[in-house]
4 protein chains.
Amino acid sequence: MSLPRKLLAEALGTALLLAVVIGSGVMAERLSGGNVAMALLANTLATVGGLYILIEVFGPLSGAHFNPAVSAVMAWRGELPKTALVPYIAAQLIGAVLGAWLAHAMFDMTVLQWSTKLRTGTGQWIAEGVATFGLLLVILRAPAGRASAMVAAYIGAAYWFTASTSFANPAAVVGRMFSDSFAGIAPTSAPGFVIAELIGAALAVGVNRLLSPARPVDEASAHPTPPARHA
Amino acid sequence: MSLPRKLLAEALGTALLLAVVIGSGVMAERLSGGNVAMALLANTLATVGGLYILIEVFGPLSGAHFNPAVSAVMAWRGELPKTALVPYIAAQLIGAVLGAWLAHAMFDMTVLQWSTKLRTGTGQWIAEGVATFGLLLVILRAPAGRASAMVAAYIGAAYWFTASTSFANPAAVVGRMFSDSFAGIAPTSAPGFVIAELIGAALAVGVNRLLSPARPVDEASAHPTPPARHA
Amino acid sequence: MSLPRKLLAEALGTALLLAVVIGSGVMAERLSGGNVAMALLANTLATVGGLYILIEVFGPLSGAHFNPAVSAVMAWRGELPKTALVPYIAAQLIGAVLGAWLAHAMFDMTVLQWSTKLRTGTGQWIAEGVATFGLLLVILRAPAGRASAMVAAYIGAAYWFTASTSFANPAAVVGRMFSDSFAGIAPTSAPGFVIAELIGAALAVGVNRLLSPARPVDEASAHPTPPARHA
Amino acid sequence: MSLPRKLLAEALGTALLLAVVIGSGVMAERLSGGNVAMALLANTLATVGGLYILIEVFGPLSGAHFNPAVSAVMAWRGELPKTALVPYIAAQLIGAVLGAWLAHAMFDMTVLQWSTKLRTGTGQWIAEGVATFGLLLVILRAPAGRASAMVAAYIGAAYWFTASTSFANPAAVVGRMFSDSFAGIAPTSAPGFVIAELIGAALAVGVNRLLSPARPVDEASAHPTPPARHA
């Protein structure tokens with residue numbers, strides 16, 4: 001696979017991921033008549049299904065990261081060429097914004113808009129750190145062939161067990177800044193979330209080493225069919 | 001497998017698919033007391049379960065397309081004999097209508113009826129295009145043995161993230177025209193949906209080529225157990 | 001495996017299945033405050049999870065039929081010794097009643113009780129026939145190793161798309177006669193359900209033959225690891 | 001793997017499990033506006049997803065027991081060194097409490113608190129016995145590679161079909177004593193639950209022997225890839 005194709009895959013996959021997250025949030029909010037638990041439940045199930053198939057579809061092409069924190073960890077581990085890191089992140093951010101706009105177009109909403117939903121405070125930041133820590137731990141330790149189901153299941157759980165509903169992805173934060181809807185986040189709240197996510201990701205790298213001294217990247221390269229990396 | 005058996009499989013599978021979609025919509029609407037989010041949630045889960053098992057059951061027999069857009073793409077790629085395309089579509093359309101009628105019979109409703117539910121407008125058409133684009137991308141890129149779970153998961157997500165609740169299937173449009181219930185679509189709204197679906201399917205074929213120059217059909221024929229195609 | 005162990009497995013598995021179906025119905029009805037869609041949704045998810053694990057656990061022991069209609073079809077196909085049929089059905093019926101009683105004991109209800117919930121009429125009977133037809137088709141055509149997930153997914157869908165909420169099992173009918181709760185069925189309604197189920201099962205045997213002339217039982221015996229049969 | 005690493009895995013895994021159970025309970029209670037069925041449904045789905053990935057992640061490291069009753073059975077069967085039993089249980093109990101505190105920190109709640117929710121009576125105790133019996137039976141009989149999905153599916157069902165919502169884990173009882181929230185249990189109710197769980201676990205060991213005289217532990221050691229044990 002050439003890098004341009006990988007970037008196309010990352011951009012398209014991230015766009016579809018954001019369209020799923022934001023679009024299902026809009027649909028859920030419209031239909032649930034103010035029942036927030038119902039809205040989040042529908043939003044959760046759509047995200048779980050969407051993540052599962054997006055990782056399966058794009059994993060063999062680009063690794064299906066869709067997430068700058070994941071790409072950074074992969075570059076640090078040598079599983080992504082370091083020169084590809086910035087292009088990957090750019091593709092993810094562009095894709096995320098386009099995905100938000102696609103959701104708005106489908107739901108007859110103003111395409112360009114900004115979220116006004118404040119998400120801030122110590123609890124939220126701890127939650128985002130925990131959410132991203134868990135996501136990276138899942139990605140780094142998923143058995144071959146199970147990463148798609150595991151990442152989807154993890155995010156489904158994390159929508160509920162973390163106080164921040166688990167963005168766990170700086171590209172998702174950026175895309176969701178552009179949507180004044182159920183899944184949105186106000187731009188002023190974005191930096192706190194991104195910093196917490198990066199700390200959580202770094203923590204996962206450290207804990208992963210504590211749990212097993214052998215470097216999983218070496219084991220992985222010994223497999224005939226390397227596991228898809230992502231989310 | 002002879003062609004008549006394949007056509008029986010397509011007709012029966014499409015009939016059961018429509019019975020699941022329409023029947024669960026009726027049940028959900030009756031029990032949910034006006035809570036549309038709850039009704040769509042139940043409708044979604046039933047459809048996900050039904051699609052999964054129908055693709056597993058009928059995939060080895062006919063490919064489990066249940067969908068003229070899927071059959072057209074398969075014929076175009078040479079995975080379905082071109083002479084089988086019209087009979088496949090006929091079997092799917094007949095099955096879809098019979099499935100709607102079966103649902104009505106189970107729920108003590110007038111068997112022959114027409115939907116009055118208008119589904120129209122730019123947002124709906126974009127949504128149907130996106131929905132069918134995603135479905136075909138999933139089908140064209142699903143790893144061997146995972147297509148059943150992936151198509152089911154995708155449609156489950158698409159019921160929520162597309163503004164049209166993702167028909168993504170011209171045979172489903174035809175069958176659902178015959179049901180004045182939760183899952184119905186007024187006949188006047190049908191052409192717009194079908195056109196959007198065909199555009200979405202064509203787009204998926206193009207994007208699939210951009211993503212990988214090698215023709216997956218060749219790879220597939222090298223597998224000892226070819227993946228089920230469908231939905 | 002000796003026959004007594006198989007019968008213990010069938011009785012225990014059927015008891016746990018009925019405890020899951022009836023127990024989750026009681027819990028769902030108590031917590032949902034009159035929201036029948038919510039109650040059926042919870043009842044559905046519990047049944048799906050329960051069926052999946054019960055088939056995995058008991059499949060290698062007894063085939064995990066838990067269902068006289070399934071055992072009858074298996075005996076007719078030569079996959080169950082004909083002399084084992086009556087003992088199997090007896091074990092299932094005894095297990096079903098004990099399972100209902102176990103559910104009542106857990107929920108502090110009178111152990112011995114009878115359902116007063118009438119379930120009758122042409123729509124209900126057609127639905128029970130369709131439900132059992134679908135179940136047997138799934139069992140007869142499930143690929144090796146996927147029967148547990150497929151039966152669970154099918155029943156989850158059938159709780160919603162059939163007007164009868166898919167009993168699809170004469171032993172379940174008997175067990176649920178003994179529970180005046182959400183999942184119950186009045187004894188006077190039981191014969192209609194059982195007859196409809198047997199017709200549906202017979203229909204599945206016929207359609208299965210139409211779909212493939214080769215006898216799957218022969219193919220199955222050629223597999224090194226025979227698929228679990230059940231539910 | 002050295003014992004300290006295994007203990008780290010058990011403590012971290014149990015902490016995350018309790019954070020999932022308690023955190024999703026808090027989120028569900030806050031969002032559901034008094035609809036207990038909705039709250040338990042969300043709590044259930046988060047727990048199912050969380051258990052699945054935690055068993056996959058920690059299974060290869062420590063067996064992913066997260067549960068003193070499971071560790072005791074494994075020690076009794078010779079699958080866990082007897083000298084590791086007390087350290088395992090200590091790690092689980094410490095992890096459980098830390099997990100409760102992590103949930104509180106995320107949701108801006110007082111970190112140190114005690115549950116006031118009474119859970120007592122014969123029905124509750126029978127239910128806890130049944131819940132733990134079922135869990136151990138699933139663990140002892142899960143086919144290789146399916147234990148993660150099966151334990152998750154089982155607990156999801158057991159949240160609804162047992163009157164006690166299936167703690168099925170003395171470490172979970174201890175952690176949930178420390179949370180005055182949806183998932184909590186008053187300390188005075190804890191001993192009854194733990195005793196019922198241990199009786200249920202012992203019963204599962206006995207029934208497992210009745211079902212198959214051959215010792216599965218021997219079969220398991222013949223597998224090239226031993227199944228993960230857990231939950």
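Let's begin by turning one chain onto another. In this predicted model, chain B lands on chain C after a rotation of 90° with 0.0 Å of shift along the axis, and the RMSD of the superposition is 0.0 Å. The two copies are therefore related as by a four-fold rotation axis. If you want to find that axis from chain B, look for B:Met38: its C-alpha is the one in chain B nearest the axis, 5.3 Å from it. The copies meet through different surfaces, since 9% of the contact residues of chain B recur in chain C.

Now look at the side where chain B touches chain C. Here 34 residues of chain B are in contact with 36 residues of chain C. How much area is buried between chain B and chain C? It is about 2700 Å², and carbon and sulfur atoms give 77% of it. The interface also holds 1 salt bridge, and you can locate it yourself: B:Glu56 pairs with C:Arg146, with the closest N and O atoms 2.2 Å apart. Alongside this, 5 residue pairs are in polar contact between chain B and chain C, counting pairs with both residues at pLDDT 80 or more.

Which parts of chain B build this side? Helix H1 (3-31), helix H2 (36-62) and helix H4 (85-106) each supply at least two residues. H2(B) gives the most, with 13 residues. Sorted by class, this side of chain B has 24 nonpolar, 7 polar and 3 charged residues.

Next, follow chain B round to its contact with chain A. This contact takes 36 residues from chain B and 34 from chain A. The area buried between chain B and chain A is about 2700 Å², with 77% given by carbon and sulfur atoms. In chain B, look for B:Trp160, B:Phe161 and B:Leu211, which lose the most area to chain A and together account for 25% of what that side buries.

There is 1 salt bridge across this interface too. Its partners are B:Arg146 and A:Glu56, whose side chains meet at 2.2 Å, N to O. Between chain B and chain A, 5 residue pairs are in polar contact, with both residues at pLDDT 80 or more.

On the side of chain B that touches chain A, two or more residues come from each of H2, helix H5 (122-141), helix H6 (147-161) and helix H8 (190-211). Which helix gives the most to this side? H5(B) does, with 10 residues. By class, the residues here divide into 26 nonpolar, 7 polar and 3 charged.

Key. Residues numbered from 1 in each chain as written. Chains lettered and ligands numbered in written order. Predicted model: local features only at pLDDT ≥ 70, side-chain atom pairs only at ≥ 80, totals over all residues. Heavy atoms only, no water. Contact = heavy atoms within 4.5 Å. Buried area = accessible area lost by both parts, 1.4 Å probe. Salt bridge = Lys/Arg side-chain N within 4 Å of Asp/Glu carboxyl O. Polar contact = N/O pair within 3.5 Å; in protein donor to acceptor, adjacent residues only side chain to side chain. Helix = DSSP H or I, 4+ residues; strand = E, 2+ residues; numbered from the N terminus. Nonpolar A, V, L, I, M, F, W, Y, C, P; charged D, E, K, R; others polar. Least-squares fit on C-alpha atoms with pLDDT ≥ 70 in both.
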